[in-house]
Amino acid sequence: MTSEHNLKPVAFILKGYPRLSETFIAQEIEALERRGLDIRIISLRHPTDRAVHPVHRRIKAPVTYLPEYLYREPRRVWRAWRTVRRWPGYPGARRLWLADLRRDPSPNRIRRFGQALVLAAELDGAVKHLHAHFLHTPASVARYTAHLTGLPWSCSAHAKDIWTTPAWEKREKLAEAIWLTTCSRAALDHLAALAPLANARDKVALVYHGIDLSQFPPPAAPASKRDGGDRSDPVRLLSVGRAVEKKGYDDLLAALAQLPPALHWRLDHIGGGVLAAELARQARRAGIDGRITWHGAQPQDAVLAAYGRSDIFVLASRVAKDGDRDGLPNVLMEAQSQALPCLATKVSAIPELITHGDTGILVAAGDRAALRDALAE
């Protein structure tokens, strides 16, 4: 986009806002606001986290919440349909949605079109561009809205949205979006191969996530000398990530349970997630629950403090059964900024950040014995 276009309001379409697990999006929005971009946040879901990060408080963009479930706001959806059904773009948008619905006959697909109707009807006329964070649901809403309104749209693709979206849908979205960024070389190669051949490299760009070093200053204290030999002063392990399959926490717990009894350690886990209760049960069965503290989702200042208390950062990511996987986890960059040795797995873009034996230790994903041995070392 031209610099003149950048001064015009842009609607950022997010799956949920604010979210503790998506600091990279909030940091991007704040940085763009500092550069003068007028952003309007459109959220498909209401927040579920009780706390927010400091960066969320600094963001000035107004937030509009679309109907999370259409049946809860039928009048709003009805009014939107009455408004846009006579627009020139409506017949084409409807045909597009019906073609998608035939291939994906799901309630979520219906909800996406209903949300697009509401967004198109209620969108501030000053907005001249739509930008979706994530290639799955937010990009669908952006795409349908673009057809309804005639506005251009773009997308930032990250991790799960890339690897769990069907190939046909990725191809069609890549053909229509005016540009797309992604945060890893692995994802770039995958998406560029699906983009229209004539402009694959021009349309898909690699933009690594950054971290705000004013929020993550270099640690003041020297590195800890704890080595696991002192029962009264155990090594402090830290992992930050959602308790979901792709984060491999069951592998980490199994590896920890196999460590030699002479090594003394404690693990702090920060993050919510659907598997939290099952992981706690696994730790109890393995007899290591007394060494683990499950903190749940935490705001950024609490995460930063945890980095400062810890000796080693560990993340045992893997590819989930549905193909979901990490992109480039920001928590690894944050941990490195705090001088924490990082132990991670050779998944997705992690080897793009960590050079084994130089800037961290990498083991094969799912290899619990290798993870155990690397922890012990």
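**Exercise 1. Classify E169 and K173, then describe their pairing.**

E169 has 3% relative accessibility, so it counts as buried (under 20% relative accessible area; exposed is over 50%, partly exposed in between; 1.4 Å probe, protein chains only). The model is predicted: local features need pLDDT of at least 70, side-chain atom pairs count only at pLDDT 80 or more, and totals for chains, interfaces and linings use all residues. Residues are numbered from 1 along each chain as its sequence is written, and side-chain values use heavy atoms, with hydrogens and water left out.

Step 1. K173 is buried too, at 1% relative accessibility.

Step 2. The side chains of E169 and K173 form a salt bridge at 2.8 Å, N to O (a side-chain nitrogen of Lys or Arg within 4 Å of a carboxyl oxygen of Asp or Glu).

Step 3. Place the pair. Both residues sit in helix α9 (residues 167-176), four residues apart, about one turn of the helix. Helices (H or I, at least four residues) and strands (E, at least two) are DSSP runs, numbered from the N terminus. In an α-helix, with 3.6 residues a turn, residues three or four places apart point the same way.

**Exercise 2. Find which helices the D251 and R368 salt bridge links, and state the burial of each partner.**

Step 1. The side chains of D251 and R368 meet at 2.6 Å, N to O.

Step 2. D251 belongs to helix α12 (residues 249-257) and R368 to helix α17 (residues 368-376), so this pair ties together parts 117 residues apart in sequence.

Step 3. D251 is buried at 6% relative accessibility. R368 is partly exposed at 32%.

**Exercise 3. Trace the salt-bridge network that contains D100 and R109.**

Step 1. Shared partners join D100, R103, D104, R109, R112, R143, E169, E172, K173 and E176 into one network of salt bridges.

Step 2. Within it, R109 and D100 pair at 3.7 Å, N to O.

Step 3. R109 is buried at 1% relative accessibility. D100 is buried, also with a relative accessible area of 1%.

Step 4. For context, the structure holds 30 salt bridges.

**Exercise 4. Decide how enclosed helix α15 is, and name its packing partners.**

Step 1. Seven of the eight residues of α15 (residues 330-337) are buried, so the helix is largely enclosed by the rest of the structure.

Step 2. The buried residues are N330, V331, L332, M333, E334, A335 and S337.

Step 3. These buried residues pack against α2 (23-34), β8 (235-240), α14 (300-309), β11 (312-314), β12 (342-345) and α16 (350-353), where contact means heavy atoms within 4.5 Å.

Step 4. Just after α15, A339 takes a positive phi of about 65 degrees.
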